Amino acid sequence: SKVVSAAKHIRLPPLPTIRDLVKLYRLKALKQLSQNFLMDERLTDKIVKAAGKIQNHYVCEVGPGPGGITRSIIKRQPHKLIVVEKDPRFIPTLELLQESCASVTDMKIEIGDIRSYNFDNGFINVPKHNWYEAPPPIHLIGNLPFSVSTNLLVRWLKSISEKSSAWSFGRTSMTLTFQKEVAERMVAQVGEKQRCRLSVMCQFWCDIDYKFTIPGKAFVPKPKVDVGVVTLYPLKNPLIEMPFAVVEKVVRNVFNMRQKYSIRGAERLFPEELREHLGPKMFNLAELDFMTRPFQITNEEFARLCYAYRVICEDHPEILNYDSRAPKGIVE
Ligand code: SAM
């Protein structure tokens with residue numbers, strides 16, 4: 001039975017600490033899965049608080065591991081919680097949490113890779129909100145391995161651009177952890193040294209809030225780097241309306257030579273024989289000085305470059321498939 005301590009929080013029935021459970025079930029962090037566990041309840045509470053109101057809402061936690069963040073989520077009484085975890089060793093500890101919250105929260109344990117998880121199955125009864133309405137009562141929360149979180153972020157940005165997957169329900173927000181340097185790149189503004197492809201791609205589709213930093217030493221085992229907690233809110237009006245792959249290609253090429261004039265990277269969007277002509281044309285169409293360095297280009301100017309590229313592709317449709325890094329210059 002649960003003790004209701006305050007309107008917004010519940011106290012869970014006495015459970016062994018995460019630290020004890022990890023010992024009890026011999027849940028040694030696996031290097032090959034880059035597992036680092038967060039055992040400090042104040043920090044897991046702080047991550048969940050960063051996600052905003054979740055009481056009576058729907059939450060998907062990615063990579064719960066032994067369940068530190070999961071406990072903090074449950075304390076805030078969501079209506080439904082789906083945890084997606086790749087490593088089946090965590091089933092017993094997650095089931096313990098599932099039982100402890102059963103009277104308030106419908107908790108579902110999914111063993112598998114978040115990258116192939118189908119949100120439509122998990123959030124089956126959640127009403128779909130129009131994109132321009134208030135965001136839906138859905139939150140994605142996770143402390144994933146760094147390599148997975150960056151890769152997942154890019155996939156999710158693509159889904160946001162398509163309003164598919166978790167974004168078929170509306171402007172679903174995400175609270176995720178990243179290596180601190182990556183989190184700083186995500187929010188980097190024009191002119192800043194961390195400004196890169198990821199900054200532009202994130203900012204085209206989301207408002208990004210760098211919430212706080214967690215020192216590496218708070219994790220067990222401790223990673224070599226500090227961790228940034230970031231909340232992403234999909235924009236009502238993205239700064240660009242174009243297929244994700246095309247935008248990604250333009251931004252990637254421009255940033256390819258980050259210390260040079262931006263035309264140097266941009267012209268590699270075109271086959272060699274056309275570069276001299278189409279490179280300057282793209283910048284003229286975008287009304288941008290081609291001597292600007294990539295990190296000095298604003299989001300709006302990047303959007304203009306993408307549209308200029310698309311206009312050029314209308315005259316030269318074969319260019320759309322051109323990739324200077326592919327063996328023969330063309331990606332099939
Ligand atoms: N959330 C826990 C915490 O904060 O203590 C664990 C964090 S640990 C850095 C990352 C967790 O994500 C591990 O439990 C790992 O097994 C899981 N994981 C890794 N890749 C995953 C994937 N592709 N899909 C789902 N879970 C994944």
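Where does Glu287 lie? Keep that in mind while we get our bearings; the tour comes back to it.

**The whole chain**

You're looking at a predicted model, so treat each stop as a feature of that prediction. Show the protein chain as a cartoon and you'll find 12 helices and 11 strands. Its C-alpha atoms fill a box of roughly 75 × 40 × 35 Å along the principal axes. How does the radius of gyration fit with a compact globule? A compact globule with 332 residues would have a value near 20 Å, and the protein chain has 22 Å, so the two agree.

Now try colouring by burial. Buried residues make up 41% of the 332 residues. As for contacts with a separation of 6 or more, 65% of them join residues 24 or more positions apart.

**Select residues 43–236**

This stretch carries a label from an unreviewed UniProt entry: "domain: Ribosomal RNA adenine methylase transferase N-terminal". Over residues 43–236, the chain is 33% helix and 25% strand. Click on the C-alpha atoms at its two ends and you'll get a distance of 30 Å.

**Select the ligand**

There are 22 residues around the ligand. Which of them come nearest? Light up Phe37, Gly63, Gly65, Asp87 and Asn143. Then pick out the elements that give two or more residues to this shell: strand 3 (37–38), helix 3 (68–75) and strand 5 (80–85). Colour the shell by residue type and you'll count 11 nonpolar, 6 polar and 5 charged residues.

**Select helix 4**

Go to residues 91–100 and show the side chains of Thr93, Leu94, Leu97 and Gln98, which are buried. Turn the view until you look straight down the axis of helix 4: its buried residues fall within an arc of 145°, so they line one face of the helix. What do they pack against? Show helix 1 (18–24), helix 3, strand 5 and strand 6 (106–111), and you have their packing partners.

**Select helix 8**

Next, jump to residues 197–205. How many residues of helix 8 are buried? It's 9 of 9, so to speak a helix that is mostly covered. Among the buried ones are Arg197, Met201, Phe204 and Trp205. To see what covers them, add helix 6, helix 7 (180–187), strand 9 (206–214), strand 11, helix 9 (244–255) and helix 12, which are included in the cover.

**Two backbone stops**

Zoom in on Val220 and Pro221. The peptide bond from Val220 to Pro221 is cis, with omega near -15°. You'll find Pro221 in the loop between strand 10 (219–220) and strand 11 (227–234).

Then select Ser165, in the loop between helix 6 (146–162) and strand 8 (173–179). Ser165 isn't a glycine, yet it has a positive phi of about 55°. Is Ser165 buried, exposed or partly exposed? With 17 other C-beta atoms within 10 Å, Ser165 is partly exposed.

**Back to Glu287**

Time to settle the opening question: Glu287 sits in the loop between helix 11 (272–285) and helix 12 (299–315). Glu287 isn't a glycine either, and its phi is positive, at about 50°. It counts as exposed, with 10 C-beta neighbours inside 10 Å.

Stay in that loop between helix 11 and helix 12 and select Thr292. Thr292 counts as partly exposed, with 16 C-beta neighbours inside 10 Å. Leaving out residues up to four places away in sequence, Thr292 touches Ser262 and Ile297. Try a distance to Lys260 as well: the two C-alpha atoms are separated by 8.5 Å, though the residues are 32 apart along the chain.

**Last stops: Ile319 and Gln55**

Follow the chain into the segment after helix 12 and click Ile319. Ile319 is partly exposed, with 16 other C-beta atoms within 10 Å. Apart from neighbours within four places in sequence, it is in contact with Phe270, Ile312 and Cys313. Draw a line from Ile319 to Asp113: they're 206 residues apart in sequence and 35 Å apart in space, C-alpha to C-alpha.

Finish at Gln55, in the loop between helix 2 (41–50) and strand 4 (58–62). Gln55 is partly exposed, with 14 other C-beta atoms within 10 Å. From Gln55 to His9 you cross 46 residues in sequence, but 8.7 Å in space, C-alpha to C-alpha.

Methods. Residues are numbered from 1 along each chain as its sequence is written. This is a predicted model: local features need pLDDT of at least 70, side-chain atom pairs count only at pLDDT 80 or more; totals for chains, interfaces and linings use all residues. A residue is near a molecule or strand if its C-beta atom, placed from the backbone, lies within 6 Å of it. Helices (H or I, at least four residues) and strands (E, at least two) are DSSP runs, numbered from the N terminus. Ala, Val, Leu, Ile, Met, Phe, Trp, Tyr, Cys and Pro count as nonpolar, Asp, Glu, Lys and Arg as charged, and the others, Gly among them, as polar. A residue is buried if 20 or more other C-beta atoms lie within 10 Å of its own, exposed if 12 or fewer, and partly exposed in between; C-beta atoms are placed from the backbone. The arc is that of the directions from the helix axis to the C-beta atoms. Two residues are in contact if their C-beta atoms, placed from the backbone, lie within 7 Å. UniProt positions are given in the numbering used here, feature names are shortened, and annotations may be inferred rather than shown by experiment. The radius of gyration is taken over C-alpha atoms; the globule rule is 2.2 Å times the number of residues to the power 0.38.
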